[in-house]
Amino acid sequence: WASVKLAENTAFYFDTKELSPGERKTVLQLLGGAIAVKVDKLAGGTFSVATDAAVMGVRGTVFVVDTVPDGSLLVTCSEGSVAVEDDGSSVLAKPGTVASQPAGEGLSPASVQPAELSAYRSGWKADAFAGFAANAIRYTSGYAAAIDGNKAAFLSAYARLKAQSAILSTWRDARAAGKVPRFTDWTAEKKAVAAVIFDCLEGLFLLERPYYRLVELKTWHESGTGAGTLADGRDSAAFFRDFEAANRDLVAGMSAVREALDLFSWASAGSPLGDFFGAKAENLGSGALFLED
């Protein structure tokens, strides 16, 4: 009941859960790039899209989400409607109205006739990328600093999570075998894993989007945009040459933590802590995740 088309150099995370027969909850987190989405009429459940700047609630619609590495956002809708929300403000994107958010600014609507939608998107992207390109090295520096400043703590937490691999394997195998967990199952095991997941979550929130933004910026750098010297004195060419090799352990860790969150939520069988971690997993990569909630 939903289809997603990806632009080049797009990264996203997709999760869907059956809440009850005929009712599903689906979250798509756009970490970088652009997507075109078609969602059929939903008989039950919800479908939402999250970026670093906003969260979109969807009901039976056709829409496009464009992002730029500086955080700029455009939501255009050719059928149905999309409620775009950020920090208490909301704009309804629908035929005749688009929602846009320049880097560092708030959401705002703009009137665009459906026949002019394609041309408007093209013009918006050209302007937004021109603004980004002039400051690309600054964004590279900022995202690189986020990786450098938080990677060690995350990998330390990830090492402690790997020490719980036997528990996670038990849950993985039990779920594959069709077991239906009970609230009282694996009490000690859940307590041990939960303590580690808290630390992993905090690091993942701080690292995931900067990493995927740098993947996107690497492609731009290869085409000549954003070359120069980072704020810490590193040459951008040297930084991006070593970027993938230097972060293989980080990529593995981010994937493992997401799976651990999913397994913990399943093993918790609807417990408050399981629901808590499930909600955090849904909001990773977006501005909607706050660890103190």
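Helix H1, which covers residues 117-133 and holds 17 residues, should span 24 Å at 1.5 Å a residue (the expected span being 1.5 Å times one less than the number of residues), and its end C-alpha atoms are 24 Å apart, which agrees. This is a predicted model, in which local features need pLDDT of at least 70 and side-chain atom pairs count only at pLDDT 80 or more, while totals for chains, interfaces and linings use all residues. Residues are numbered from 1 along each chain as its sequence is written, and side-chain values use heavy atoms, with hydrogens and water left out. Helices are DSSP runs of H or I with at least four residues, strands are runs of E with at least two, and both are numbered from the N terminus.

The table sets out residues of H1 by accessibility, where buried means under 20% relative accessible area, exposed over 50%, and partly exposed in between (1.4 Å probe, protein chains only).

| Class in H1 | Residues |
|---|---|
| Buried | Leu117, Trp124, Ala128, Phe132 |
| Exposed, on the other side | Ser118, Ala119, Asp127 |

Leu117, Trp124, Ala128 and Phe132 are the buried residues named here. They cover an arc of only 65° around the axis (taken from the directions from the helix axis to the C-beta atoms), which puts them on the same side of H1.

In the protein chain as a whole, the secondary structure comes to eight helices and 10 strands, and buried residues make up 45% of the 293 residues. Among contacts (heavy atoms within 4.5 Å) between residues at least 6 apart in sequence, 59% join residues at least 24 apart.

Leu6 is found in strand S1, residues 2-6, and, at 47% relative accessibility, Leu6 counts as partly exposed.
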